[in-house]
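Reader: I'm new to this kind of thing and would like some help reading a structure. Could you take me through it feature by feature?

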Amino acid sequence: MSYQIEFIEARNGNPVITVNNYLLHSKYDPLREAERICQKEYIENYVHIVFGYGMGYIVNELKKQIKNDEIILIVDPLKEELKIKDNQVYSINELKEFKNNLKNSLEHYSREVKVICSPNYEKVAPNSYKSILQIVKDIQMSNIVYDNTIQLWGEKWQENSIHNLTFLTNDQPLTALYQFTNKPIVIASGGPSLIKQLPILRKIRNKVILIAAGSTINSLLKNDIIPDFVVSIDGGEANYKHFKDIESEGTSLIYGVSSHYKIQKEWKNKRFIFAGIEDQDLQAKVKMKYGVDLPLIKGGGSVANYCYSIAIRMTSGPITFIGQDLAYTNLQSHALGNRATKVVTEEYLIKRSAFKTLDYEGEEIYTDYAFTSMKESFENLVKDNPHKPGIYNCTEGGVSIEGFTNYSFKKFANEVIDFDKRELVNTTNSFPLIKWQAIESEFKKEMKLYSLLEEACLKLILSLKQDFHKKYFSKETLKLLKHTDAQIKEIVENELSVQSIMEPLIKQVLTKYKGTSRENNIEKFERVYHQNIAWYSGIQGIMKRMKHFTQSAIELGVENNCKN
């Protein structure tokens, strides 16, 4: 698009800009205009996005207005044309960097964003403005998805990770499977397009390593196809039900530490364990306490994301996906045979906040923000960890994934697979197993610490409540605060990770109780008081649940090791 740009002088003598006859600033007093806009638009403790830098009047005034070091992000679609030298200003060609910066700026997956559009910029560059608004909406929706996830599943993940440590007496770390083959790997996901690829998969079954992504194993088994491996990461009861009553003979289980522990308990075949990249703290403590080096695997919102990261470590051959729709192909949610299959109605699409995007063939198809997050995870994984033998998308349906080579599955079977040369090149490695007594001893030590902290929190809460009517914190309370914080620090630093169960509480106390520049001393005291009550009451409840989980894990460990 061509722009007619003219620099003129406002009545008060300040320079202003016109673009295609649109004034980007007041022709009378751009400084006063900027002050008026910022007074109206500024929201304390928000991330502010300014669309349109122009001469910088609004940005400079906003910097004066901010009170708590809030972040300001600036985008100007005319950066090159206006010769803007400020490196903090993003051009329209730098939206990917802008998006990453915005994501990182929203602490604890906040959605508190304010977009300020400079005068007439939405008319000069309407498509660019729409792009900014869409980026903001996408990130906010992704944060809603993640926030809901940690609120719903944080406690369940914690329960599962404690119980799953009991299986270290029998299971091998995923590292045992690293580079054990040069065969092609086929990752079967549960999208609607899976079923049409099963006849080809059946023909080449013995020529590939087949990995089932989570509940997809049900669709495969119903079609008499037994995968070599199935990957499980989900800690929910629904995931356990997907696996319940599966005959696992011939299929090894690869599971993350947060996978529902009853799946592992009932799985009769070989099992391999790993930690997600988000479990670094737990992984470090398992290594320190038990000498087991669980591999850290980067994934995303889908079990198939983890399957990719696992597959590139297992084979030196090519990898392909089937059933990886990430969309409601033919208005279906999953492949037939998957226990999660739902009929996709208009009401369902509205409930999922579904929207249209381009599919594998460039046609419109419905997807949603959860699917989009998974798609972005794939694209980031491929970018960060490319696989030179090739990553193929043989789904032949659903969305297109950047970094994957779109390929027909028939063509992959006929041309990519080298039947004569590909074979297993290694047997799996073997690592020494942990004695149950070592795990049980550590669990009992942790339970004592949880009890001590639970008691300390109760004592502190009583002291805080006595201070409320005084409107100040007594010396006794401050002493108890220091002592209790030291106990929390000891558990966080030295015991097994409590990150999953604590994250929702941390988010609550850091976002719900933010101070403002307008509060007086009494208001500040009451805010900090309520923040402390929420924090230490939350910690007290967490310690109680941690004791329960650990005691249950001890009982599971005793049961498992009595059988062996």
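**The overall picture**

Author: Happy to. Of the 564 residues in the protein chain, 54% count as buried. Keep in mind that this is a predicted model.

Reader: How many helices and strands does the protein chain have?

Author: The protein chain has 18 helices and 19 strands. Taken along the principal axes, its C-alpha atoms fill a box of roughly 85 × 70 × 40 Å. As for contacts between residues at least 6 apart in sequence, 69% of them join residues at least 24 apart.

**One helix, two sides**

Reader: Let's look at a single helix. Which residues of helix H14 are buried?

Author: Start with the general idea: an α-helix has 3.6 residues a turn, so residues three or four places apart point the same way. Now the case here: H14 runs over residues 409-416, and its buried residues are Phe409, Phe412, Ala413 and Val416. Looking down the axis of H14, you find these buried residues within an arc of 115°, so they line one face of the helix.

Reader: And which residues are exposed on the other side of H14?

Author: Those are Lys410, Asn414 and Glu415.

Reader: What covers the buried residues of H14?

Author: The cover includes three strands, S9 (185-188), S15 (319-322) and S18 (391-393), along with helix H6 (194-204).

**Pairs of helices**

Reader: How do I read two helices that pack together?

Author: Two packed helices are described by the angle between their axes and the distance between the axes. Take helix H15 (residues 436-467) and helix H16 (residues 475-494): their axes come within 9 Å and cross at roughly 155°. An angle over 145 degrees counts as roughly antiparallel, so that is how H15 runs relative to H16.

Reader: Is the crossing of H15 and H16 left-handed or right-handed?

Author: That crossing is left-handed. The residues of the contact between H15 and H16 divide into 12 nonpolar, 4 polar and 4 charged. On the H15 side they include Leu449, Tyr450, Leu453 and Lys459, and on the H16 side they include Glu476, Leu480, Gln487 and Ile491.

Reader: Now for another pair. At what angle do the axes of H11 and H13 cross?

Author: Helix H11 (residues 303-314) and helix H13 (residues 369-384) have axes that cross at roughly 10° and come within 9 Å. Angles under 35 degrees count as roughly parallel, so H11 is roughly parallel to H13. The crossing of this pair is right-handed.

Reader: Which residues make the contact of H11 with H13?

Author: From H11 come Ala304, Asn305, Tyr308 and Ser309, and from H13 come Met374, Ser377, Phe378, Leu381 and Val382. Sorted by class, the contact of H11 with H13 has 6 nonpolar, 3 polar and no charged residues.

**Two residues and their contacts**

Reader: Can we zoom in on single residues? What does Val492 touch?

Author: Val492 is in helix H16. Not counting residues up to four places away in sequence, Val492 touches Asp281, Lys285, Val498 and Met502. Val492 counts as partly exposed, at 34% relative accessibility.

Reader: And where does Gln499 lie?

Author: Gln499 lies in helix H17, which covers residues 499-511. With its neighbours within four places in sequence left aside, Gln499 is in contact with Gln158, Glu278 and Asp281. So Asp281 turns up among the contacts of Val492 and of Gln499 alike. Gln499 counts as partly exposed, at 39% relative accessibility. Between the C-alpha atoms of Gln499 and Pro295, which are 204 residues apart along the chain, the separation is 18 Å.

**Positive phi**

Reader: What should I know about phi?

Author: Most residues other than glycine have a negative phi, and most peptide bonds are trans. Here, Asn20 has a positive phi of about 50° although it is not a glycine. Asn20 is found in the loop between strand S2 (15-19) and strand S3 (22-23).

Reader: Where is Asn45 found?

Author: Asn45 is in the loop between helix H1 (30-41) and strand S4 (47-51). Asn45 is not a glycine, yet its phi is positive, at about 70°.

Reader: Is Asn45 buried or exposed?

Author: Asn45 is buried, with a relative accessible area of 19%, and the cut-off for buried is under 20%. Asn20, with 21%, is partly exposed.

Key: Residues numbered from 1 in each chain as written. Predicted model: local features only at pLDDT ≥ 70, side-chain atom pairs only at ≥ 80, totals over all residues. Heavy atoms only, no water. Buried < 20%, exposed > 50% of the residue type's maximum accessible area, 1.4 Å probe, protein only. Helix = DSSP H or I, 4+ residues; strand = E, 2+ residues; numbered from the N terminus. Arc of directions from axis to C-beta. Contact = heavy atoms within 4.5 Å. Axes fitted to C-alpha atoms, helices over the stretch in contact; angles between N-to-C directions. Parallel < 35°, antiparallel > 145°, perpendicular 65-115°, else oblique. Left-handed = near helix turned anticlockwise from the far one by under 90°. Nonpolar A, V, L, I, M, F, W, Y, C, P; charged D, E, K, R; others polar.
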